[in-house]
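This report describes the model shown below. Please keep the sequence and the structure in view while reading.

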Number of protein chains: 2
Amino acid sequence: MASIKDVARLAGVSDKTVSRVVNREPNVRPETIERVEVAIQQLGYVPNHAARLVRSRRSRILGILTDLVSVTPYSSDIVRGAQDWAHQNGYTVIVINTNGNTANEKAAWRTFQEHSIEGVLYVTMYHRIVDLKAAELPLPTIMVNCKSNADPELMSITPDDCNGARELTDYVLARGHRRLGYIRLNPVLFGAQERYRAFQDVVVEAGIDPKDLTIKIGMSGAVGQEVDHSFQVAQKMLIQENPPTAIICGNDEIALQAYMAALTLGRKIPDDVSIVGYDDFKTVSRALKPALTTAALPYYDLGYQACVNLVSKIDGQPPPLAQVKLPCPLVVRQSVRALDETVQL
Amino acid sequence: MASIKDVARLAGVSDKTVSRVVNREPNVRPETIERVEVAIQQLGYVPNHAARLVRSRRSRILGILTDLVSVTPYSSDIVRGAQDWAHQNGYTVIVINTNGNTANEKAAWRTFQEHSIEGVLYVTMYHRIVDLKAAELPLPTIMVNCKSNADPELMSITPDDCNGARELTDYVLARGHRRLGYIRLNPVLFGAQERYRAFQDVVVEAGIDPKDLTIKIGMSGAVGQEVDHSFQVAQKMLIQENPPTAIICGNDEIALQAYMAALTLGRKIPDDVSIVGYDDFKTVSRALKPALTTAALPYYDLGYQACVNLVSKIDGQPPPLAQVKLPCPLVVRQSVRALDETVQL
DNA sequence: TTGTATGCGTTATCAC
DNA sequence: GTGATAACGCATACAA
């Protein structure tokens, strides 16, 4: 590999002048720049990041720590968002997946330190609570899709499951539904709790009769190996006396099960029963017939915005807030029917 | 950050001795090792990768270049497989997503060079042909999920779509099906072509009457923005006179459409119609009722094995083969019915 | 506008 | 076994 000295020799200038050209520093005569650039071209010179880093201490590398990527394919959009921001802003990214294993996580932090990383995105694939403390972390860190109750100073960025679920429920109610089914996501998940609580709040505020509510758990078990009984749950719901006119599902995968259950029973969606999901897991939500109305998890933006906040903190600018929530926009498709005598939204 | 010198001073030894301990070189007295390690602990010393790299020229970093991660969520398992191998073997990985954009790709190669990367995994999210030439690449490279017709020397590792499709078709035929539907994946995709050709070959070899075959295209258009008409196609197939007893789908997403179509028409799977997919896209294949019989794309292994082959080449050991194919194992679930008078497999 | 001296944290070489 | 010294490729500070 050609070094800065080779370029200098070929261009007939000193190392420092080449350095100036490469780093676009001022005070170099245009014709010198030209000569240097020709030499760079000829030699195929590319600056050596390591050597640069030894002196300058700015690595322009961000670390991303992820846990269970294998389980939730779409959440890797968090990583994509972060990478996009990074590359648009001259940063490079090192991603390390721990598989939720503590030893791996420890090794990852060490690797980050070895590479003089400037800051870390601590990403979980499920929205959850992780009780880290800033003081225990060796590098500036932002939690993504998770947050710490132990340390309110620790920056975090999470989806606003609560508001998303409110809007979704509001939407269903606004279309005249009063007899509701709710199939809960694994209660272990923080997002599941928030969604469910929001649903409850809205339903109480709207004065829905509790007797008109059928609430069941669709998934349970440890994260990554849950058992899914939402198909059976949905079927039971549908064959009961006075079945719900709309079923709100904890996420899109449950909604898929509800679809299968309804179709198997010969029910039409949304004519016989309306269904909504959550996540906007596109391979499901867009593929279903009719396409699924749901709330979109802002994975990509989570990663992108996390970088913005993290780097602004590293650069010493105080970030707007320690705890940021990103909206989960309602995605209206065709799976909810407006009941008679109802004003269309 | 503590440096090797700080450790040396605290331990009362020279820099070089610390270096020896850190790198587990021989010829250090055990008690010296002990003293040094205590000092390392106390100072929280972590070796500086950049400084190390300036001297040693071995970065132990691998680069991964990906194209359209956003479109095919599961294919990011390629990256996961590669990362796992890397971390198990003391390597670090830098992933750069180009979004299929040429300018991004050029920038990525440059970034790789700046970081003195040892080798590159050129990963495509769809199985396809990319006509690169080894001589034009600045770093040792292996193509993953794609290959070059332009340069047979260029290493590649791809899924064996051809054999996977053969096995799948064989499986369906072995269960007594003779009237077959085939819904093709986007013919633009190389994998789609291989799968279709294999299907044709098997069907001819088995002496199936061409009149008993209904073959349609389910998806078309540019990669990443295709139009999906497989739902309609499947419905038409099912309402025709003498409908197929089994429908072979180009992939699992099409299979999902076929399921919806069948259920909407009140057909039972697999009693009225058997369905198989391809890919083993688990959010679909496992979620469907009944669960989908399909062939699994070996994404994870592709990434993992690519690293093995690439690094063995970098280390000067000749890799077994330039062009490696990995099997797509048949995943038997419940979506295919054995017709009467048929021996169970 | 350009060049020189020095040092970053580490490893390589060779001497003790 | 251990240590002194040079060298890696570049940036910083300062001199010319």
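## Relation of the two chains

In this predicted model, B:Ala50 is the residue of chain B that comes closest to the rotation axis, its C-alpha lying at 2.1 Å. Chain B is superposed on chain A by a rotation of 180° with 0.0 Å of shift along the axis, and the RMSD is 0.2 Å. This is the relation of a two-fold axis. Both copies use the same surface, for 100% of the contact residues of chain B recur in chain A.

## Surface near DNA strand D

There are 23 residues around DNA strand D, and those that come nearest are A:Ile4, A:Lys16, A:Tyr45, B:Thr17 and B:Arg20. By class, the surface near the strand has eight nonpolar, eight polar and seven charged residues. On the side of the DNA, 59% of the strand D atoms within 4 Å of the protein belong to sugar or phosphate, and the rest belong to bases.

Phosphate oxygens of DNA strand D lie close to several polar side chains. For A:Tyr45, a polar side-chain atom is 2.6 Å from a phosphate oxygen of the strand. For B:Thr17, a polar side-chain atom likewise lies 2.6 Å from a phosphate oxygen of DNA strand D. In A:Asn23, an N or O atom of the side chain is 3.4 Å from a phosphate oxygen of this strand.

The elements that give two or more residues to this surface are helix 2 (15–22) and helix 4 (49–56) of chain A, together with helix 2 (15–22) and helix 4 (49–56) of chain B. Which helix gives the most to the surface near DNA strand D? It is helix 4 of chain A, with four residues.

## Salt bridges between distant parts of chain A

Over all chains, the structure holds 26 salt bridges. One of them joins the side chains of A:Asp161 and A:Arg195, with an N to O distance of 2.8 Å. A:Asp161 lies in helix 7 (residues 161–174) of chain A and A:Arg195 in helix 8 (residues 190–205) of chain A, so this pair ties together parts that are 34 residues apart in sequence. Are these two residues buried or exposed? Both A:Asp161 and A:Arg195 are buried.

A further salt bridge is formed by A:Asp280 and A:Arg333, whose closest N and O atoms are 2.3 Å apart. A:Asp280 lies in the loop between strand 11 (274–276) and helix 11 (282–285) of chain A, while A:Arg333 lies in the segment after strand 14 (330–331) of chain A, so the pair ties together parts that are 53 residues apart in sequence. The threshold for a buried residue is under 20% relative accessible area. A:Asp280 therefore counts as buried at 8% relative accessibility, and A:Arg333 counts as buried at 16%.

## A salt bridge in chain B and a network in chain A

In chain B, B:Arg29 forms a salt bridge with B:Glu31, and the closest N and O atoms are 3.2 Å apart. A residue is exposed over 50% relative accessible area and partly exposed between the limits of 20% and 50%. B:Arg29 therefore counts as exposed, at 54% relative accessibility, whereas B:Glu31, at 48%, counts as partly exposed.

Salt bridges also occur as a network, which links A:Arg58, A:Glu118 and A:Asp315.

Note on methods: Residues are numbered from 1 along each chain as its sequence is written. Chains are lettered from A and ligands numbered from 1 in the order in which they are written. This is a predicted model: local features need pLDDT of at least 70, side-chain atom pairs count only at pLDDT 80 or more; totals for chains, interfaces and linings use all residues. Side-chain values use heavy atoms; hydrogens and water are left out. A residue is near a molecule or strand if one of its heavy atoms lies within 4 Å of it. A polar contact is a pair of N or O atoms within 3.5 Å; within protein, one must be able to donate a hydrogen and the other to accept it, and residues adjacent in sequence count only if both atoms are side-chain atoms. Ala, Val, Leu, Ile, Met, Phe, Trp, Tyr, Cys and Pro count as nonpolar, Asp, Glu, Lys and Arg as charged, and the others, Gly among them, as polar. Copies are superposed by least squares on the C-alpha atoms of residues with pLDDT of at least 70 in both. Contact means heavy atoms within 4.5 Å. A salt bridge is a side-chain nitrogen of Lys or Arg within 4 Å of a carboxyl oxygen of Asp or Glu. Buried means under 20% relative accessible area, exposed over 50%, partly exposed in between (1.4 Å probe, protein chains only).
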